[in-house]
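Biologist: I've got a model open and I'd like to learn how to read it. Can you walk me through an interface and then one residue?

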Amino acid sequence: MINKLKSKDLIGTKDLSPEEILLILDTAESMKEISSRDIKKVPALRGKTIINLFYESSTRTRTSFEIAGKRLSADVVNISVSTSSVVKGETLKDTAKNLEAMNPDAVVIRHSSSGAPDFISKILKCPVINAGDGAHEHPTQALLDLFTIREKKKELKGLKVSIIGDIAHSRVARSNIYAMNKMGMDVTVSGPSTLIPVDIEKMGVKISTDVKKAIEGADVIIMLRIQLERQEKGLFPSIREYSRLFGLNTEKLKNAKEDVIIMHPGPMNRGVEISADVADGQYSLILDQVTNGVAVRMAILHLLTGGA
Amino acid sequence: MNTRVMNADEVNRAITRIAHEVLEKNRGAHDIVIVGIRTRGVFIAERLAIKIKEIEGEAIPVGIIDITLYRDDIKSDISKHIVKKTEIPFSITDKKVILVDDVLYTGRSIRAAIDGLIDLGRPANIQLAVLIDRGHRELPIRADFVGKNIPTSHNESVKVMLKEEDGVDKVVVEELDDK
């Protein structure tokens, strides 16, 4: 059994081995207990500085990383772009070099450009954790999804997963596909054909443009946010039509497996890709995902910075 | 060179004696909880609870503490330690906590375990029970209950083997290779 991660950074689930994924999930299980205590803090990362560098808006992920760092006693500094030198024209490279000069122990970065975390990981000596870059990867989301699935289903191998929605623009889908394939899960993607990338089969997934079929056989359904800001490009005719054809509601769930679980990485458009009664219903694990996100990020911070 | 310092019977007798001493010192089993330090402290803790039940007829709650996140020597040790779960599914506040480990050496693990316990509540007191005390303390810590004192040198290692983990009950002292 391995006991540390090979790479200095966590850029994507593509680079992780199945053993590394299991190490993260097992460590997260131990971390989860800490969040249930009255005193939710352990001294493991005392004296370590973690910088959250967010070039894109985020509530869940940024807060989750901040809480994760604080529960391990690290000092967490948040930089959001609207208040940083970036608005004064500083390049990403200069920002990274300046942060490096302050000796951080980890930098968590979200950026609208794919490849930004990889780029700064080559400049920074400390671990860099990707909190979402463009349409590339969002590895901590995929890992917390796996954690949540394993918690409910006990075993990952052989599970059928349907990821439904805007696959083309989704870093969550990509990270999940890489990670789930490694864990021996069977992934189907579904949604309007304009939102499913050509050649996606090469990633090792099945395509189903019939959402009903994708729902029927699935042990796990992951609904993706329909990115309303991309509506102008005319990738689908109307939100109402999208909702009717591809949105998950009680009616479509009738043919689902009895023990199906439903997840969504958030933020949700209630009434668009998922109806309110399904989002709040008995199959939904959406809030468990948020709880588990803290544990998974604690595990990653500890594994990457604990032994430095 | 290996020297066997305790066999299975001796390990068993030591734990039995500690059980009696715990009950004597605390005038019974009332308000006592036992917490074992991962890994081998846990098995000794469980055995201690069984003995106490046999003697006193009272079931004692047993918990597990993982000290990985509290260690001060984590820099050198991270590669050896995977974070495991702390499982103490009962309140330790106002309880007499018997903290159990296999070997007492520098005292640093015990310091970490005490910090961990205090984060979980405010016990009435914490008492320390160890199977082996091998000396060489680096912190002002002593055990309340000791199975056996074994004077050692720094270049020896004390290996406690227990059925639950190692298939056999015994304690051996090994000479470490000089570098």
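Modeller: We'll take the contact between two chains, then a single threonine. Keep in mind that this is a predicted model.

Biologist: How much area do chain B and chain A bury between them?

Modeller: The general idea: interface size is often given as the accessible area lost when the parts come together. Here, chain B and chain A bury about 1600 Å² between them, with 63% of it on carbon and sulfur atoms. On the chain B side, α3 (74–77) and α4 (108–120) each supply at least two of the residues that touch chain A. That side of chain B divides into 7 nonpolar, 2 polar and 5 charged residues.

Biologist: And how many residues does each chain bring to the contact?

Modeller: Chain B gives 14 residues and chain A gives 22 residues.

Biologist: With charged residues there, how many salt bridges are counted between chain B and chain A?

Modeller: The count is 0 salt bridges. For polar contacts, 4 residue pairs are counted between chain B and chain A, with both residues at pLDDT 80 or more.

Biologist: Now the threonine. Is Thr305(A) buried or exposed?

Modeller: You judge that by relative accessible area, and under 20% is called buried. Thr305(A) comes out at 2%, so Thr305(A) is buried. You'll find Thr305(A) in helix α11 (residues 286–305) of chain A.

Biologist: What does the side chain of Thr305(A) reach?

Modeller: The backbone oxygen of Leu301(A), at 2.6 Å. Setting aside neighbours within four places in sequence, Thr305(A) also contacts Leu45(A), Lys48(A), Asp105(A), Ala106(A) and Pro127(A).

Key:
Residues numbered from 1 in each chain as written. Chains lettered and ligands numbered in written order. Predicted model: local features only at pLDDT ≥ 70, side-chain atom pairs only at ≥ 80, totals over all residues. Heavy atoms only, no water. Contact = heavy atoms within 4.5 Å. Buried area = accessible area lost by both parts, 1.4 Å probe. Salt bridge = Lys/Arg side-chain N within 4 Å of Asp/Glu carboxyl O. Polar contact = N/O pair within 3.5 Å; in protein donor to acceptor, adjacent residues only side chain to side chain. Helix = DSSP H or I, 4+ residues; strand = E, 2+ residues; numbered from the N terminus. Nonpolar A, V, L, I, M, F, W, Y, C, P; charged D, E, K, R; others polar. Buried < 20%, exposed > 50% of the residue type's maximum accessible area, 1.4 Å probe, protein only.
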